[in-house]
Amino acid sequence: MPSASRFLLPALAVICGLQAEPLPKGPGKFVLPNEGMPIDIYYYKPPTYEKGPLIVVIHGSDRDAEPYRNNAISVAERTGAIIVAPQFDRVRFPDETYKRGGGVMKDGKVQPKESWTFNVIFRLVAAVREKEGSPELPYYLLGHSGGGQFVAKMAMFMPDGPRRFVAANPGSNIFPDKGVPFPYGLGGLPAELSGDEALRRYCAAPLTLYLGTGDVYQNASDGFDFSPEAMRQGPVRLARNHNFFEAMRRLAAGHGWIFNWRLVETPDIGHSGARMFHAPEVEDALFGPKQGAAQ
């Protein structure tokens, strides 16, 4: 008697609107159905691809997924990974549901978990795994600037799944301070999202802050956050992220919690996703020092 699994994968492919065929090698684009809210996905699969990991690249505040995919091609070539970059447009994914909170809060109220924007990542990974016929394909998240904010927040609220979250040059972060309003602090979040257990999980998340040591300017042209809450985190992005890392490290040490965060820097690079992705340190940020693309 045929097993149920024989029919399950084709059925899922029909439901998802995706053909169970591997992604073609080279650059390309496909549409993720995303439960009725279709999203354009730009991808790159190296010509020499065999069984490398998947890297989900999250664009910055300019909402430019295709250029981010292009800038990550060098990462794919060096590590043998597939790159996928979802396009979060401003109309359907304003900042409140994108970089500033991932849809966790709206108008001061916590939203149902199933509506959080982070779920798009899980659907995308499931779709690529289906296409590649690899249900256990390991994946990593790499976001820059506004995308770095998104990635760091996902590591807090939905930390299970990725091998590592890499937040490159995020402009602000959620400090462990209930006196500061979300998304700059924990103020307004319920206990289940801001209490000790939530913070313990955050400290244990495999998060890397990947920083350019030249990201020390206050340029409105690159989306620098001049809000009072952001300025209290530090005068520039580099300082803000150092302060954030130390605040969380001290929090973990004070409670005896596991701290799985890493701080990786690349010298002299400012607020440039292209240069951050081309720098050799990006491999350290993703996979650890001298390990290459761990399977």
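Me: What makes up the lining of the second largest pocket, by class?
Reply: By class there are 3 nonpolar, 10 polar and 3 charged residues. Ala, Val, Leu, Ile, Met, Phe, Trp, Tyr, Cys and Pro count as nonpolar, Asp, Glu, Lys and Arg as charged, and the others, Gly among them, as polar. Bear in mind that this is a predicted model: local features need pLDDT of at least 70, side-chain atom pairs need 80 or more, and totals for chains, interfaces and linings use all residues. Residues are numbered from 1 along each chain as its sequence is written, and side-chain values use heavy atoms, without hydrogens or water.

Me: What makes Lys-45 count as buried or exposed?
Reply: Buried means under 20% relative accessible area, exposed over 50%, and partly exposed in between (1.4 Å probe, protein chains only). Lys-45 has 4% relative accessibility, so it counts as buried.

Me: And what does the side chain of Lys-45 make a polar contact with?
Reply: With the side chain of Glu-132, at 3.1 Å. A polar contact is a pair of N or O atoms within 3.5 Å; within protein, one must be able to donate a hydrogen and the other to accept it, and residues adjacent in sequence count only if both atoms are side-chain atoms.

Me: How do you know what helix H5 should span?
Reply: Helices (H or I, at least four residues) are DSSP runs, numbered from the N terminus. The expected span is 1.5 Å times one less than the number of residues. For the 12 residues of H5 (146-157) that gives 16 Å, and the end C-alpha atoms are 17 Å apart, so the two agree. H5 is also mostly covered, with 12 of its 12 residues buried.

Definitions and conventions: Helices (H or I, at least four residues) and strands (E, at least two) are DSSP runs, numbered from the N terminus.
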